[in-house]
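Here's a quick briefing on where the pockets sit and what lines them, plus a look at one patch on the surface. Have the structure open while you read.

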Amino acid sequence: MLTMAQKRKRNAILSAVIGWTLSLIILVPFAVIVVNSFKTTRDSAMMNLEWPRDGWVLSNYAEVLDGGQILRSFFNSLLIASGCVIVCVIVTSMAMFVIKRRKAKLHRFIFYMFFAGLIAPVNYITTLQILKFFHLNGTYFGTILTYAALGVPFAAFMYYNFIGTIPKEIDEAAIIDGANISQLFFQVIFPLLKPVTVTVATLTFISAWNDFVAPLYLLNSSSKWTMVLMVYNYWGVMQQEWGKICAVIVLTLIPILIVYIAMQKYIIAGMTSGAVKG
């Protein structure tokens, strides 16, 4: 019969094997993309992990960057994803503060409506009609609002749980000291929400950056296309140029990899705080 120490060792080994297996499922395709982005057209057509037989080619990246389309799409993605984060964080944190502090039936119902957004599918036909009505169809602002609406349900869930861990006595003390409602939230409460705010901001940014469907429907001009749509464009134009297509994919992935790696510990801290304390 196994002792506790042996069971722990066995579980640790099993966890490591499962973790490495799952990691390889993600890392191997990524490695294939990176390696083939440095190959010639002939070598990249094989789409394998072999080192380039004709030497490492940097011209794929130079040709992709030439013309400025990738740089323009990069700034489009940056504008849309950043704007989405700002709107989503500010609106959701303020709304959840009020809903959590005032435990009325109406507020509880409103929270459930937010929560329903996690499982309800997106109806892009209705969304397009609403944007057209307000003359926002095909605009950056309309796309930002749409992405913010898509990110609100998850952000509401995270903020609602986390705000519940902040004692109400802090609110009362701030009000006694003469703070109004905006000062109470932005100067007292919001700084305390940093762990969950970083988590929400990072995941919302990555989700908006990676999304393909929404900009395909909402952005009717190629000059406003995001980087993901630019990958789709290159795949349609250069179906046989896999080296260049892989180079575009790598350029698209680099920003979100940097964001995720830089914010990884904050994401884990925020998710843990919301789960344990909520």
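The notes below cover two pockets and then a surface patch. Keep in mind that this is a predicted model.

**Largest pocket**
- The largest pocket holds about 410 Å³ of space.
- If you want to find its centre, look for V122, T127, T146, A149 and L150, the closest to it of the 18 residues in the lining.
- Two elements, α6 (124-133) and α7 (140-163), give two or more residues each to that lining.
- Helix α7 has the largest share, with seven residues.
- Sorted by class, the lining of the largest pocket comes out as 12 nonpolar and six polar residues, with no charged ones.

**Second largest pocket**
- Here you get about 310 Å³ of space.
- Lining the second largest pocket are S23, I26, L27, F30, I206, N210, L253, I256, L257 and Y260.
- At least two lining residues come from each of α1 (4-36), α10 (194-210) and α13 (242-277).
- Eight of the lining residues are nonpolar and two are polar, and again there are no charged residues.

**Surface patch**
- On the surface, L14, I18, L22, I25 and I26 make up a nonpolar patch, and together they have about 510 Å² of accessible area.
- I26 turns up twice: it belongs to this patch and it also lines the second largest pocket.
- I18, another patch member, sits in helix α1.
- With a relative accessible area of 44%, I18 counts as partly exposed, because that label covers values between 20% and 50%.

How values were computed:
Residues are numbered from 1 along each chain as its sequence is written. This is a predicted model: local features need pLDDT of at least 70, side-chain atom pairs count only at pLDDT 80 or more; totals for chains, interfaces and linings use all residues. Side-chain values use heavy atoms; hydrogens and water are left out. On a 1 Å grid over the protein atoms alone, a cavity is a set of points where a 1.4 Å probe fits but cannot get out, and a pocket is an open set with protein on both sides within 12 Å along at least five of seven lines; lining residues have an atom within 4 Å of a point. Grid points are joined across faces, edges and corners, and a volume is the space filled by probe spheres set on the points. Helices (H or I, at least four residues) and strands (E, at least two) are DSSP runs, numbered from the N terminus. Ala, Val, Leu, Ile, Met, Phe, Trp, Tyr, Cys and Pro count as nonpolar, Asp, Glu, Lys and Arg as charged, and the others, Gly among them, as polar. Patches are made of residues with over 30% relative accessible area and no salt bridge: like charges are joined within 9 Å, nonpolar side chains (Val, Leu, Ile, Met, Phe, Trp, Tyr) within 5 Å. Accessible areas come from the Shrake-Rupley method with a 1.4 Å probe; for residues, only the protein chains shown count as cover. A salt bridge is a side-chain nitrogen of Lys or Arg within 4 Å of a carboxyl oxygen of Asp or Glu. Buried means under 20% relative accessible area, exposed over 50%, partly exposed in between (1.4 Å probe, protein chains only).
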